[in-house]
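Student: I should like to go through this model and ask, at each step, what justifies the terms applied to it.

Tutor: Certainly. Let us set the values beside the criteria as we proceed.

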Amino acid sequence: MLHTSKFVTAPVAVLTRLRLALMRHEELTSVMVWAALIGFLGAITSVIFRNGIRLFEFILTGHAGSLVQVATDLPDWERIVIPTVGGCMAGLVLYFGAKVLPGRRAVDYMEAVVVGDGNIEARPTLVRSLSSLCTIASGGSIGREGPMVQLAGLIGSKLGKFLAVPVPRLRLMVACGASAGITAAYNAPISGALFVAEIVMGSIAMESFGPLLVAAVTANVTIHHFLGYSPVFQAPQFQFLNNMELIFYAILGVILGHF
C-alpha cells in the first residue's frame, strides 16, 4: 500500500508544480505586456508635457525653443515680468486646486511604491503638474523631469486600478511608470530601470527588474520616434592632447571620491 501511495502522489505533485510554473509564466507574460503599454503611455505623456511647456512659453514670450536662448533675446523688463506672471499663475493653480480638492494631496510615486498601496490620485497630481508647467515655461528654476516622472507613475497606477490588480502588482505598475518617465526625461533606459529597482523598490530581482526594463525600453523607443535621437543634454567636445592626462584624471577621481 505504501508503494502504491507513492506512485499515486508523485504524478499529482509533478502536475501541481507544472501547473504553478505555467501560471507563473502566464503571469510574467501578462506583466511584461502591461509594462510595455505603461512605457508607451508614459512616453506619450512626457511628449505632451514638453509640448505644453513650449506652447505656454510661446503664449508668454512669442517664441518657442530653448528657454535660455529665448530669455537671452528678451528685453530686460520682460525677463522680470514674464517669470513673475508665470509664478503668479502657478500659485493660482495651486490655490484654486486646493479649493476644488480639499483634503486631497498628490502622492509621490516613491511614496506610492514604498509605503503606499500604489494608488496615486489623478486630480492633485494634474494640478501640481500644471503649476509646474506654468513655472517652467515662464523661466522658473525648477526641472521638468519631476512632473514627467510623476505623470508616468500616475499612468501606471490608473491602469493597475482599472485592471483591479492586487496591491503588490499595482506598486510594480507604478514603478514601471516611473521607469518610463525617467527614461523619457533623461534618454537613459538602463539607468532609469536600475534607479527605480535599486532606489525605489530596493530589489533587482528579475520578477521586478524585467518589467521595469521593458517599460524603459518601450518608452525610449517611443520618445525617439517623436523627439529624435539627439542627446537630451549637449556636452562640449573633449579631446585628449596627451595620454599622460589620464594620470591626472585618475588622481582627480580619487580625490573627489573622498568628498
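Student: Where is L154 found, and why is L154 called buried?

Tutor: This is a predicted model, and in it L154 is part of helix α6. Its relative accessible area is 8%; buried means under 20%, so L154 counts as buried.

Student: Which residues does L154 touch, leaving out those up to four places away in sequence?

Tutor: L154 touches I120, E121, A122, T125 and L126. For I120, 34 residues away along the chain, the C-alpha atom is separated from that of L154 by 5.9 Å.

Student: What share of the contacts with a separation of 6 or more joins residues 24 or more positions apart?

Tutor: Such pairs account for 70% of those contacts in the protein.

Student: What secondary structure does the protein have?

Tutor: There are 10 helices and zero strands. The pattern along the sequence is accordingly written α-α-α-α-α-α-α-α-α-α.

Student: Which residues touch the most other members of the largest nonpolar core?

Tutor: That core has 26 residues, and Y109, I120, V174, C176, V196 and L212 are the ones with the most such partners. At least two residues each come from α1 (2–61), α4 (109–114), α6 (145–163), α7 (167–186), α8 (189–201) and α9 (206–227). Helix α7 gives the most, with seven residues. Another core, of 11 residues, lies apart from this one and includes F49, I53, I136 and A137.

Student: What makes C176 eligible for a nonpolar core as a buried residue?

Tutor: A nonpolar core is built from buried residues of a set of types that includes Cys. The relative accessible area of C176 is 2%, and the limit for buried is under 20%, so C176 meets the burial condition. Among the residues that L212 touches are C176, A175, S179 and V196. As a general matter, nonpolar side chains tend to be buried together in soluble globular proteins.

Student: C134 is a cysteine too; why is C134 called buried, and how many disulfides does the structure hold?

Tutor: At a relative accessible area of 4%, C134 falls under the 20% limit and is therefore buried. The structure holds zero disulfides; no pair of cysteine sulfur atoms meets the criterion of lying within 2.5 Å.

Student: Why is A164 called exposed, whereas N187 is called partly exposed?

Tutor: A164 has 66% relative accessibility; exposed means over 50%, so A164 is exposed. N187 has a relative accessible area of 24%, which lies between 20% and 50%, and N187 is therefore partly exposed.

Student: Where do A164 and N187 lie, and what is the sign of phi for A164 and for N187?

Tutor: A164 occupies the loop between α6 and α7, and its phi is near 55°, a positive value in a residue other than glycine. N187 occupies the loop between α7 and α8; its phi, near 60°, is likewise positive in a non-glycine residue.

Student: What makes Y249 suitable for a surface patch by its accessibility?

Tutor: Y249, in helix α10 (residues 245–257), has a relative accessible area of 46%. Patch residues need over 30%, so Y249 passes that condition while being partly exposed. The nonpolar patch also includes F240, M244, L246 and F259, and its members together have about 1,200 Å² of accessible area.

Key: Residues numbered from 1 in each chain as written. Predicted model: local features only at pLDDT ≥ 70, side-chain atom pairs only at ≥ 80, totals over all residues. Heavy atoms only, no water. Helix = DSSP H or I, 4+ residues; strand = E, 2+ residues; numbered from the N terminus. Contact = heavy atoms within 4.5 Å. Patch = residues over 30% accessible without salt bridge, like charges linked within 9 Å, V, L, I, M, F, W, Y side chains within 5 Å. Areas by Shrake-Rupley, 256 points an atom, 1.4 Å probe, with all protein chains shown as cover. Salt bridge = Lys/Arg side-chain N within 4 Å of Asp/Glu carboxyl O. Buried < 20%, exposed > 50% of the residue type's maximum accessible area, 1.4 Å probe, protein only. Core = buried A, V, L, I, M, F, W, Y, C linked by side-chain atoms within 4.5 Å.
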